[in-house]
Every structure is written in structure tokens, then in C-alpha cells.
Amino acid sequence: MTLTLFAHPFSSYCQKALVALYEKDVPFALRMLDGPEAMADLTAIWPLRRFPVLIDDGRPVMEASIIIEYLDLYHSGVYRLVPDDPRVALEVRLMDRFFDNYISTPQQKIVLDALRSEAEKDGRGVAEAREMLDRAYHWLDGVMAGRVWAAGEAFTLADCGAAPFLFYAHWTHPIPAACAHVHAYRSRLLARPSFARAVDEARPYRPLFPLPIPQED
């Protein structure tokens, strides 16, 4: 039975799951979250109303990282995105958490604040988020000085998240020019066919972004 992914192409976490599906060349149907009916169907499955959600023969799988681990277990495709070696897998999961917690979370804080009215804005929270991104960029620059992909020489779960998170983070709080290794890594991610496809599919929705978008992207 075909997999179904409840998702929106412009969502970074949905792109994380989409990159994995494209990497593995696993057939699936997209349940586009573009209106009340689709959101009602999602809510019936997952009342927290967060996406993506994968449905596999009636079984719901929530959270992008878990979806990717699930695909490795049940729809392995061309290769695994979490290595069999537990020591290497630990590094992959560490980098996955880094991109989720220290790139995506502060990036989304800034974007959500930009969508608020002036009376609701959280200037201190945005300043803290920008500081976190700066620290994360500089730490990542040191890590990527000796790596091709997030956890080494192979494209993994960690890169599935790094791709959209760094993509949107640079739009939100630009990566400093001094972080040359992060810029180079982001360029490699953009050139990866799986992520290039996700970026192209999301282009029609760019007007939804509340901040200026770099011309080079």
C-alpha cells in the first residue's frame, strides 16, 4: 500500500521528511495541508496538529526524525540514513538534535515573532534566538571543517534536517561570512538532488515568508 505523508512543501520539518523519501526513492502520496478539510483529517489522526505525519497501512508515524528512522526500518530503499554501527549512529543522532534544537528552534522563534502584531512581539526572545544562531553557526563551522556531511562522509538523517533548517536559517539570520565551512556545507546541501527537488516544490509558497529572502536563493 502506498505511504501517505501529511505535509506542506514550505515547512522545514516536512522538507526534512521529504528529503528522506526522495533519497530512498520510496513511493508515497502527499496529503497536502492546504485547507480546513486536510487539517481536520490531520487533527483526527494527531490532535497536536503538528506535521509531517506519515501513514503506513493505517499506522500513523509522527515527528520527522522518527519518520526517517521508521523508513530505515520498514522501507529501507537504496541505503540507510541511520548507520548500522551504533557509534556512528550516535553521532548522526547528536547532529540531528543539534540542527533541530539550535538551528531550527531559534530560527522559527524569529519567524513567528515577525508574524505577530507589534503589541505581541517578544524583542528579548528574538535577541536570544539570534544569539543562539550565532553560537550555533560558529560551533558548526568548526565541525564542518573536517567533514563533507553532518556526521562524516555519508549523507544521513542529520543532513535531511540540516538542509531545510540551514536554508531557512540563513534567510532569517544570515550565516556570517567568516563561517566559510557552513556556507560550503549549505551549498552542498542545495546541490543534493533530493533537497533541490524539495526547494523547487516549495518555491510557489515563498510569499508566505515574512522576512526578506536572499536573492541568491
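Colleague: What makes a residue count as buried here, and how many of the 217 do?

Modeller: Buried means under 20% relative accessible area, exposed over 50% and partly exposed in between, with a 1.4 Å probe and protein chains only; of the 217 residues of the protein chain, 48% count as buried. This is a predicted model, in which local features need pLDDT of at least 70, side-chain atom pairs count only at pLDDT 80 or more, and totals for chains, interfaces and linings use all residues. Residues are numbered from 1 along each chain as its sequence is written, and side-chain values use heavy atoms, with hydrogens and water left out.

Colleague: Why is the chain called as compact as a globular protein of that length?

Modeller: The globule rule, 2.2 Å times the number of residues to the power 0.38, gives 17 Å for 217 residues, and the radius of gyration, taken over C-alpha atoms, is 17 Å, so the chain is as compact as a globular protein of that length.

Colleague: What share of the contacts with a separation of 6 or more joins residues 24 or more positions apart?

Modeller: With contact meaning heavy atoms within 4.5 Å, such residues account for 70% of those contacts.

Colleague: How do you know which residues in the lining of the largest pocket are nonpolar, polar or charged?

Modeller: Ala, Val, Leu, Ile, Met, Phe, Trp, Tyr, Cys and Pro count as nonpolar, Asp, Glu, Lys and Arg as charged, and the others, Gly among them, as polar; by that division the lining has 15 nonpolar, six polar and six charged residues.
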